[in-house]
Amino acid sequence: MKNKIMAAVLSAILLASALTGCSTAKTNKVKTRSGKTSETTQETDETVETEETEGTGKDDPTEPTTSKDPVVDSKIDPNEPLFMKVYMNYAWGYSVSATVIMGNGDVYYFGCGTMVYPPVDANYNLFDYLGTKLESVRKIGEPVGKVDEDYLNSLFEKANEIDLSADILSENVMCDYGEYEIFFLQTANEDDNKLIYGYGDNDLILDDSKAEDFKEDFEQLISGESDMLTVTGDTYYSVYTNEFPIVSFNCGYVSGSEDYGFYVFPDRESFMDAMDQLGIDKTEFAVYDEPAYEDYPYFVQIQNVPSSGYMLLHDAFIVERTDDSDSYFFLESDDSYRPEPDSTQCAVMDGFISVCCFTGYVELDELVNDETNPWQYFESGS
């Protein structure tokens, strides 16, 4: 019975998480749907004529017969993402989730949703943004599914047959629904479109009939209608990186706190009052001076250490959701380190602090009364 439930959950996750909102997904070379014109047909005919071998009137066998050269000896990299299905929604808050199929068939799912819009600067790149989250999930979690190897190879071959340099046809069909987009990541040419098709507020697809063939097979897999996808896990991770600021730094030994203190505060005022009591420089938290961060809960992790040789920093905040409970925790950055066991260090107390103003929903009273998690309200002298 549990396996059936988990299969249904995964199918629902992979297919959709029906949230409302306007999508701001952007694609290259987008044009509205329209029929082929006679002018286009004429150009195609002329092209065929120029490919005929002089003096014979027959096609030159050394010339390609299609507009896209076949991919030769293409192989899947098992350690890199192969396909990705992304949901994006930017109305009344921000939400993004992604289903990633790795080259070895492992399937990962993660998402996040906040009431504060994430900072999107000129250097924003969707694949870098989601790639960081995928790395975080792979550090702490197991795949939620596995795709049959032969079926995955078939999808890879079909994706390679698509003219990825084609225009993207677009048709607006809804509003405030959000957008699902499907990407092929292991392309032979980095300049090609990675988007194959999408749906939601807009129907999107590459202007190539083979994209339709791929869509049919991929949707059958991702919707759970195919037995080529096996459910292997049921944990859902919300991964927060730059949706809101995570402040982490070497603050020095913190007197008045446990060596490992895990504290939650209902709002910014109570958090700042505690920083005063603990003697921590509040100017480090200037990023939270924005009105948007005034009434949301703050998660604070303090780590005192007995010697030099430590650097304990965090750059992600994770919510791990299962059928039984939710867990909240920071994820250490790659810049963190600890002294080697046999190394010589100065016997000097030191400390580190990590702070996250969490703009998602959390029931603090329920959290602090859950004996399976370390989070507690702060008390002076605790």
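**Entry 1: β8, β9 and β6**

Two strands count as paired if DSSP finds at least two bridges between them. I kept that cut-off beside me for β8 and β9, and I reminded myself that I am reading a predicted model. Strand β8 (residues 195-200) runs antiparallel to β9, and 2 bridges join them. These two strands form a hairpin with 1 residue between them. I looked up a partner for Y197 and found I205 in β9.

Next I asked which strand pairs with β9 over 5 bridges. It is β6 (residues 168-172), and its pairing with β9 (residues 202-206) is antiparallel. One of the bridge partners here is L206 in β9, which goes with I168.

**Entry 2: the whole protein**

I stepped back for an overview. I noted 7 helices and 18 strands in the protein. Of its 382 residues, 44% are buried. About 20,200 Å² is exposed, and carbon and sulfur atoms supply 47% of that. I also looked at contacts between residues at least 6 apart in sequence: 76% of them join residues at least 24 apart.

**Entry 3: cysteines**

How many disulfides does the structure hold? I found 0. I then checked two cysteines for exposure. C175 is exposed, with a relative accessible area of 62%, and C346 is exposed as well, at 53%. Both count as exposed because the cut-off is over 50% relative accessible area.

**Entry 4: the nonpolar core**

In soluble globular proteins, nonpolar side chains tend to be buried together. With that in mind I went to the largest nonpolar core, which has 97 residues. The residues with the most contacts inside it are F83, I196, F214, F271, F285, F299 and F358.

I picked F214 for a closer look. Leaving out residues up to four places away in sequence, F214 touches F83, L155, K158, A159, I162, I182, I196 and Y197. Y197 is familiar from the first entry, as the bridge partner of I205.

**Entry 5: helix α6**

F271 took me to helix α6 (residues 268-278), where the buried residues are R268, F271, M272, A274, M275 and L278. They cover an arc of only 160° around the axis, so they sit on the same side of α6. What do these buried residues pack against? I found β13 (260-265), β14 (298-305) and β17 (350-357).

**Entry 6: strand β3 and its neighbours**

Strand β3 (residues 94-102) has 9 of its 9 residues buried, so the rest of the structure largely encloses it. In a regular strand the side chains alternate between the two faces of the sheet. I checked this strand for the pattern: Y94, V96, A98, V100 and M102 point one way, while S95, S97, T99 and I101 point the other way.

β3 is joined to β2 (residues 81-89) by 8 bridges, and the two run antiparallel. V86 has A98 as its bridge partner in β3. Their hairpin has 4 residues between the strands, and W92 takes a positive phi near 60° in it.

β3 and β4 also run antiparallel, joined by 8 bridges. Here I101 stands opposite V107. This hairpin has 3 residues between the strands, with G105 at a positive phi near 95°.

**Entry 7: D106**

Just for curiosity I checked D106, which lies in strand β4 (residues 106-114). Is D106 buried or exposed? D106 is buried, with a relative accessible area of 15%. Beyond its neighbours within four places in sequence, D106 is in contact with V100, I101, P143, G145 and K146.

Key
Residues are numbered from 1 along each chain as its sequence is written. This is a predicted model: local features need pLDDT of at least 70, side-chain atom pairs count only at pLDDT 80 or more; totals for chains, interfaces and linings use all residues. Side-chain values use heavy atoms; hydrogens and water are left out. Buried means under 20% relative accessible area, exposed over 50%, partly exposed in between (1.4 Å probe, protein chains only). Contact means heavy atoms within 4.5 Å. A disulfide is a pair of cysteine sulfur atoms within 2.5 Å. Accessible areas come from the Shrake-Rupley method with a 1.4 Å probe; for residues, only the protein chains shown count as cover. A nonpolar core is a set of buried Ala, Val, Leu, Ile, Met, Phe, Trp, Tyr and Cys residues joined through side-chain atoms within 4.5 Å. The arc is that of the directions from the helix axis to the C-beta atoms.
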